[in-house]
Amino acid sequence: MQKKLDLLKTLGIGVLGCALWAYGIDPLCRNFFTFISSILNTIFIGFMDQTYKQISYGINDSNTISILIMCCAILYIPTLLLEATPYIKAYVVKKNKSIQQSNTPAEDAIKFTKRLNKLLLVLNICVILLIAYLIGCKSFINHCQTITLCNIEIVSPYISDHEYKELKSSFHSISSQSDYDDLQSVIDTIATANGLMLKK
């Protein structure tokens with residue numbers, strides 16, 4: 001009986017985790033990536049071109065996972081430093097015993113620990129945002145790729161064989177944001193002319 005309950009709990013956690021990822025984390029990271037990238041694209045013209053270029057052939061999951069693992073490792077280092085804080089504090093107290101200062105060694109150690117904790121907090125936030133950006137990048141590319149290919153197939157019965165091949169060729173030739181926007185414009189025009197509902 002206990003094993004069945006444990007199995008049900010595991011399945012429940014798995015389902016909740018998948019739902020949280022699909023309807024929470026993934027869209028949130030994708031929106032975060034889009035927001036940050038739009039700002040960077042305004043500052044650095046053509047910043048997003050490389051991202052749109054990857055839409056035509058997808059993204060290398062293994063490289064993305066490797067980057068995420070590295071980020072998690074970087075995130076773990078501050079945690080170790082945080083664990084080492086008491087030892088650092090003790091070292092500062094010991095060192096300050098032989099130095100005459102206006103503050104006591106204990107006060108200096110407390111100030112140092114507070115500064116270190118603030119630095120670690122900022123570092124952890126930066127790494128978490130970086131991980132969210134990378135996840136959002138992967139999600140954005142895969143989303144755009146899937147939606148575009150689906151929409152090409154949706155409009156395919158209403159165009160000639162040659163036009164269909166042109167759409168596919170345009171998709172695989174995407175090398176910038178303007179190429180992607182032009183392709184979407186063509187697909188939208190065909191869909192509007194034929195009263196079709198495209199994927200979003």
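# An all-helix predicted chain: rings, cores and a few single residues

The chain we have on screen comes to seven helices and zero strands, and I should say at once that this is a predicted model. Read from the N terminus on, the elements run α-α-α-α-α-α-α. The chain has 200 residues, and 28% of them count as buried. The exposed surface of the chain is about 13,500 Å², with carbon and sulfur atoms supplying 67% of that area. As for how the chain meets itself, among contacts with a separation of 6 or more, 71% are accounted for by residues 24 or more positions apart.

Let me turn to the aromatic rings. The count comes to four aromatic pairs. In one of these, the ring centres of Phe 33 and Phe 140 are 5.4 Å apart and the planes stand at 45 degrees, so the pair is tilted; an angle under 30 degrees would have counted as stacked, and one over 60 as edge-to-face. This pair links distant parts of the chain, since Phe 33 sits in helix H1, residues 2-43, and Phe 140 in helix H5, residues 105-155, with the two positions 107 residues apart. Both Phe 33 and Phe 140 are buried.

Tyr 52 and Tyr 180 make another tilted aromatic pair, at 5.1 Å centre to centre and with 45 degrees between the planes. Here again distant parts of the chain are linked, with Tyr 52 in helix H2, residues 49-55, and Tyr 180 in helix H7, residues 177-193, the two being 128 residues apart. Tyr 52 is buried, as is Tyr 180. Which residues do the ring pairs link into a cluster? The cluster consists of Phe 33, Tyr 52, Tyr 133, Phe 140 and Tyr 180.

Some of these names return when we look at the nonpolar cores. The largest nonpolar core has 21 residues, and those with the most contacts inside it are Tyr 52, Ile 55, Phe 140, Val 155, Leu 167 and Ile 187. At least two residues of this core come from each of H2, H5, helix H6 (161-172) and H7, and the largest share, seven residues, is supplied by H5. Phe 140, to stay with one member of that core, touches Arg 30, Phe 33, Thr 34, Met 48, Thr 51 and Tyr 52, if residues up to four places away in sequence are not counted. There is also a second, separate core of five residues, which includes Cys 29, Ile 131, Ala 132 and Ile 135.

A word on the cysteines, for anyone who is looking for cross-links: a search of the whole structure finds zero disulfides. Are Cys 126 and Cys 144 buried or partly exposed? Cys 126 counts as partly exposed because its relative accessibility is 46%, whereas Cys 144, at 6%, counts as buried.

I will finish with three single residues, beginning with Asn 41, which lies in helix H1. Asn 41 counts as buried because its relative accessibility is 19%, and the cut-off for that label is under 20%. Leaving aside neighbours within four places in sequence, Asn 41 is in contact with Gly 46, Phe 47, Met 48 and Gln 177.

The next is Ser 176, in the loop between H6 and H7. Its relative accessible area is 12%, so Ser 176 is buried. The side chain of Ser 176 makes a polar contact, at 3.0 Å, with the side chain of Ser 178. Beyond the neighbours within four places in sequence, Ser 176 is in contact with Asp 49 and Tyr 52, the latter being a residue we have already met in the tilted pair with Tyr 180. What separates Ser 176 and Asp 49 in sequence, and what separates them in space? They are 127 residues apart in sequence, yet their C-alpha atoms are 4.1 Å apart.

The last residue is Leu 196, which lies in the segment after H7. Not counting residues up to four places away in sequence, Leu 196 touches Ile 154, Val 155, Tyr 158 and Ala 191, and among these Val 155 is one of the residues with the most contacts inside the largest nonpolar core. Leu 196 and Ile 154 are 42 residues apart along the chain, and the separation of their C-alpha atoms is 7.9 Å.

Definitions and conventions:
Residues numbered from 1 in each chain as written. Predicted model: local features only at pLDDT ≥ 70, side-chain atom pairs only at ≥ 80, totals over all residues. Heavy atoms only, no water. Disulfide = S-S within 2.5 Å. Buried < 20%, exposed > 50% of the residue type's maximum accessible area, 1.4 Å probe, protein only. Helix = DSSP H or I, 4+ residues; strand = E, 2+ residues; numbered from the N terminus. Contact = heavy atoms within 4.5 Å. Areas by Shrake-Rupley, 256 points an atom, 1.4 Å probe, with all protein chains shown as cover. Phe/Tyr/Trp six-rings, centres within 6.5 Å; stacked < 30°, edge-to-face > 60°. Core = buried A, V, L, I, M, F, W, Y, C linked by side-chain atoms within 4.5 Å. Polar contact = N/O pair within 3.5 Å; in protein donor to acceptor, adjacent residues only side chain to side chain.
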